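Thanks, everyone; I would like to take a few minutes on helices and aromatic rings in the structure we have been looking at. Please have the sequence and the view open while I talk.

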Amino acid sequence: MTRYKSFHAHSVDDPAAFWGRQADRIHWHTPFTQVLDDSRPPFARWFVGGTTNLCYNALDRHLPERGAQDALVYISTETGAERRLTFAEMFVEVNRMAAAMRALGVQRGDRVLIYMPMIPEAVFAMLACARIGAIHSVVFGGFAAGNLATRIDDAEPVLIVSADAGSRAGRVIPYKPLLDDALLESKAPQPKVLLVDRRLAPMPLFPGRDTVYPSAPEPGEPTPIVPCEWLESNEPSYILYTSGTTGRPKGVQRDVGGYAVALATSMDYLFGGKPGDVMFTASDIGWVVGHSYIVYAPLLAGMTTVLYEGLPVRPDGGVWWRMVERLKINLMFTAPTAIRVLKKQDPALLRASDLSSLRALFLAGEPLDEPTATWIARAIDKPVIDNYWQTETGWPMLTLPRAIDGVEIPAPKLGAPGVPVYGYRLSVRNERTGAVCAAGQKGVIALDYPLPPGCMTTVWRDDERYIKTYWSNFIGRMSYSTFDWGVQDGDDFVTILGRTDDVINVAGHRLGTREIEESLSRHPAVAEVAVVGVKDTVKGQVAFGFVVLRDPTRAEQAMDRLALEGELMQTVDRQLGSVARPARVLFVGLLPKTRSGKLLRRAIAALAEGREPGDLTTIEDPSALHQIRAALGFAG
Ligand code: ATP
Ligand code: MG
């Protein structure tokens, strides 16, 4: 057995050898001539000269062996719809969609914006783009018109694929009016619009611009076969805008070959996914987790992917787990925020289903606090595996690999997502000097040049912004900043302490808001918590904690609130010391989050300082802000 540490060292010391071998996992139409071109930092090109196609690798390649296997299982608890498609059926649907795009004039290199609810056509559209070499830009369905307009202006699509409506918690959200408004607002050349009619909302058409996509082929109509465009490995496959937790979203550009190889490798080593397995990633195709682990990685690996429209607790907290039993799901992937929602439910609901097919639950997107990790691991009695990454990287940078042949994987440690993933030269560095921090010292999580395959290649049409945003830090163009704050221990495990702009400075002590959140969440009454730094004339900054209780009635009376606030402060005192004690702990029913489930600490801090909350275009439920305001009112 090799130790994981030496396996990792080899992957970064000789990246050409390591990734050259991994490249066999996908089909190349023409072989590459060079594994890595690192002649122009910070840009890196992988598998130079090789041509391939993501759709070919996701579908065509599997037809001989897996034509009759399910490729996609669609379940909507919003509409009651359910649909299963084998690889052969998916192939037909994707070709039909590709032909429709072609008929509307879409060419290789053109952008297609996908503004869709979670329906199979959204996946068909992504794969159809990949097939014809068009660059997709999936925008989270239901985003406000202004939001959509900025993305239209940035990507200048020739086609927008959309639908009449989405549905959330049983409420229909018409998309078409939002899209019409966005197109009025946009300054980009007018695109064509292709619409899927779910018959959920009226959908008046704009003549000459809008076409309705036929839900099924005409009887007897032959299936069009649209040949795959063979793309050079470094041509763009898609643009995806970051969540916008910290500011103006950036158009992350991804390549073709590097992405395919990175995902195929990760599915095997990090997730332990094998051909024929069933994977349920409960995310949205509008986020990077959806791109990589609902659509591309499972299909590249010849697995069945489950596409789910709905909430984790509707009709009740057992819904996902009944799906595990019925669909014999092997791997599940979601965000900690979904588990925190479940935590308010009875764990018996989870255990009522037969979960024997399930091998592991993967979580990513936000810090996984220990109590949540322990709660879910106990409730389902399966390994719970945290992984840390960003839209920019496309696949995990920190986790514990599931299994790599002949390699000994370290045992997990609660509270840390894991160790640096093969391919990533990850270190924790001092944010001023750039020096690598000693074990136990806090710093910025950085990646040394070159980034491995699958990571962003640039900001769409803006190389300067890419360099300025990510690479213009302490050590010039050789180190990428994640803008996350962390600490590495002597065994290489890295704990995430929060975003660099969430670090607060209390009387000269630098504290990650994450550390205080983790501490507060250990109190059994707490379901969810956000900690932010608030300006203070004496200490510079103080921490405010906003807590959602598992049982909200515990904070109804002012006396109970005070008692609980005191208890929570003592919890922090005991665990982190009194410097970290929040100046106030306030109780709310709901925390403001982005649609992808990330806390909007920036907006909470602004409210606490009496400022306007700033850009809120990606907020999930604006009423959460009123609750923060109201709670601050209680605080006087
Ligand atoms: P923006 O970059 O526009 O502000 P964002 O950073 O929220 O938005 P994403 O790329 O979706 O957009 O999120 C990546 C970030 O999420 C990471 O940089 C990190 O802060 C956080 N994150 C992701 N996974 C984890 C994890 N397992 N543990 C802790 N934090 C995580
Ligand atoms: Mg980010």
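Directly following helix H11, Lys-328 adopts a positive phi of about 50°, and I should say at once that we are looking at a predicted model. The helix that comes before this residue, H11, covers residues 319-327, and its buried residues are Val-319, Trp-320, Trp-321, Met-323, Val-324 and Leu-327. As a reminder, an α-helix has 3.6 residues a turn, so residues three or four places apart point the same way.

Let me turn to the rings, where a search over the whole structure gives 39 aromatic pairs. One of these is formed by Phe-7 and Tyr-269, and it counts as edge-to-face because the ring planes stand at 75°, above the cut-off of 60, with the centres 5.9 Å apart. What does this pair link? It joins distant parts of the chain, since Phe-7 belongs to helix H1 (residues 4-13) and Tyr-269 to helix H9 (residues 257-269), with the two positions 262 residues apart. Phe-7 and Tyr-269 are both buried.

Trp-46 and Phe-47 make a tilted aromatic pair, at 6.1 Å centre to centre and 45° between the planes, and both of these residues are buried as well. Phe-7, Tyr-269, Trp-46 and Phe-47 are all among the members of a cluster linked by ring pairs, which also includes Tyr-4, Trp-28 and Trp-395.

Finally, there are charges over rings: Arg-25 lies over the face of Tyr-269, 4.9 Å from the ring centre, while the charged end of Arg-209 sits over the ring of Phe-206, at 4.2 Å from its centre.

Terms used
Residues numbered from 1 in each chain as written. Chains lettered and ligands numbered in written order. Predicted model: local features only at pLDDT ≥ 70, side-chain atom pairs only at ≥ 80, totals over all residues. Heavy atoms only, no water. Phe/Tyr/Trp six-rings, centres within 6.5 Å; stacked < 30°, edge-to-face > 60°. Helix = DSSP H or I, 4+ residues; strand = E, 2+ residues; numbered from the N terminus. Buried < 20%, exposed > 50% of the residue type's maximum accessible area, 1.4 Å probe, protein only. Lys NZ or Arg CZ within 6 Å of the ring centre and 35° of its normal.
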